[in-house]
Amino acid sequence: MKDRQNIHGSWASRWVFIMAATGSAVGLGNIWKFPYIAGENGGGAFVLVYLVCILAVGVPIMMAEVLVGRRGRQSPINSMREVAMEADHSPKWALVGWIGALAGFLIFSFYSVVAGWVLAYVAAMANGDFLEIGSEQAGQVFNQLLSDPQTLLIWHSVFVVLVMAVLMGGVNKGLERATKIMMPALFVLLLLLLGYSMSSGSFGEGLDFLFHFDPSELSWNAVLVALGHSFFTLSLGMGSIMAYGSYMPKSASIGSTVLTIAALDTVVALVAGMAIFPIVFANSLDPAAGPGLMFITLPVAFGHMPGGQVFGFLFFVLVGLAAWTSAISLMEPGVAWMVERFGLKRAPVCIMLGIVVWLLGIGALSSFNFGSDIALFGLNIFDFLDFITANIFLPLGGLFVALFAGWILNQRITQNELAIAVPSVYKAWSVMIRYVAPLAVAAIFIFNLIDKLG
Ligand code: TRP
């Protein structure tokens, strides 16, 4: 079959795809969420389960997303339709793309609010607001930020504009260019911070906490958290990776490329943990502080360390860059579809969609102040958006992609795209995508629903 051309463009090389997909995967999930859920779920034992989930579930599903995207060479919605029809199945599979694009908007609207906090902290660090501050005061600074809708709105708006500006540039002049600048910067900053933490933190204690394996600390709940997070951290289940895969050169091998991306994402999460916990321990702070770990605990630590102001500033710049490259990928499926469907240029599409997510984001940020009374199924707007995306949209999207690649597409198509030379490796992928991944994802789905609704 002749390779289809993508009207949006394609990555200059396999490495650009790896960097872009890693940019999508590495985000708030790695630097903010991973350290604190590892802290809450027993450190080392949790980390081990998380690694198994990445390999057994994350990698096969990511391969499936890239495969479908590259075969279809269009937005996830149209790629799903096209590839389903190629396999003589119903064009209604496009619905999976629709659910994904919608999920991207919903995730974006609260992701942008958290990214806004990060930007506010970049400014606060530059200003020296946390010098010599105590834990209680740091908590007050954070709560004050949350209770001030105007400030939140400003930073949320700045973030929406930053993301839309890159998307407007298109695949090559926007996404690719931003990736090539931001990803190396991100890795340099991360190594710099690791060095700082090694020299001024309690490095041994931090390492021990992250990698000390004690199976008795592992609960069934921790397994589910690890499984759910392996999904979120790899950007699976809503089409981000499928969209990026549609710009991938045909010559590149999907298996080894996806393994590289998953490895880089994992390394960043672990290094983020290795950079954060030693600083936490050196300052006798609580590693299980939860979501406040990054916004309350860490600034206190930076405020008391030599060079803390500079490194604290660099730390939040790093988190901001990571959030930026991830947020871009949340919107790309929707943007690409609008361009295909209506034949519009990227600029008007990005402005329109930017306004939509900006408005949704105002709903999310109001949860902490003027809208705190609004409750949807007992949750405020922010928590509701987080809940339905992480527990319903993403597992459902991942489940359908796995079923689609495993059961709907014939072997001719999957073999041809994956081009795996060793038959047993192809067989292993096939078993993972047909049985292991769907069952695991169904488990997250069902247990979370019972847990949260029951
Ligand atoms: N993976 C990103 C993070 O860890 C977030 C993200 C970007 C995402 N695109 C996604 C999560 C698609 C789920 C689906 O922060």
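Reader: Which helices each supply at least two residues of the lining of the largest pocket?

Author: This is a predicted model. The largest pocket holds about 610 Å³ of space. Its lining has 24 residues, and K33, A390, N391, N448 and K452 are the closest to the centre. The elements that each supply at least two lining residues are α2 (28-40), α10 (220-233), α16 (381-408) and α18 (423-453).

Reader: How many residues of the lining of the largest pocket are charged?

Author: The lining of the largest pocket divides into three classes. Nonpolar residues number 12 and polar residues six. The charged residues number six.

Reader: Where does the ligand sit?

Author: The model has five cavities of 30 Å³ or more. The largest cavity has a volume of about 160 Å³. More than half of the ligand's atoms lie within 2 Å of the grid points of that cavity, which means that the ligand sits in the largest cavity.

Reader: Which residues are closest to the centre of the largest cavity?

Author: The largest cavity is lined by 19 residues. α1, α2, α5 (94-126), α10 and α14 each supply at least two of them. The closest to the centre are S24, Y111, F232, S235 and L330.

Reader: How many charged residues are in the lining of the largest cavity?

Author: The lining of the largest cavity has 10 nonpolar residues and nine polar ones. The number of charged residues there is none.

Reader: Which residues come nearest to the ligand?

Author: The shell around the ligand has eight nonpolar, nine polar and no charged residues. There are 17 residues around the ligand. Those that come nearest are A25, G29, Y111, F232 and S235.

Reader: What is the distance from a nitrogen atom of the ligand to an N or O atom in the side chain of S235?

Author: Backbone atoms also come into contact with the ligand: an N or O atom of the G29 backbone lies 2.8 Å from a ligand oxygen atom, and one of the F232 backbone lies 2.9 Å from a ligand nitrogen atom. For S235 the N or O atom belongs to the side chain, and its distance from a ligand nitrogen atom is 3.0 Å.

Reader: What percentage of the ligand's accessible area does the protein cover?

Author: On its own, the ligand has 360 Å² of accessible area. Elements giving two or more residues to the shell around the ligand are α1 (14-25), α2, α10 and α14 (308-342). The share of the ligand's area that the protein covers is 100%.

Notes. Residues are numbered from 1 along each chain as its sequence is written. This is a predicted model: local features need pLDDT of at least 70, side-chain atom pairs count only at pLDDT 80 or more; totals for chains, interfaces and linings use all residues. Side-chain values use heavy atoms; hydrogens and water are left out. On a 1 Å grid over the protein atoms alone, a cavity is a set of points where a 1.4 Å probe fits but cannot get out, and a pocket is an open set with protein on both sides within 12 Å along at least five of seven lines; lining residues have an atom within 4 Å of a point. Grid points are joined across faces, edges and corners, and a volume is the space filled by probe spheres set on the points. Helices (H or I, at least four residues) and strands (E, at least two) are DSSP runs, numbered from the N terminus. Ala, Val, Leu, Ile, Met, Phe, Trp, Tyr, Cys and Pro count as nonpolar, Asp, Glu, Lys and Arg as charged, and the others, Gly among them, as polar. A residue is near a molecule or strand if one of its heavy atoms lies within 4 Å of it. A polar contact is a pair of N or O atoms within 3.5 Å; within protein, one must be able to donate a hydrogen and the other to accept it, and residues adjacent in sequence count only if both atoms are side-chain atoms. Accessible areas come from the Shrake-Rupley method with a 1.4 Å probe; for residues, only the protein chains shown count as cover.
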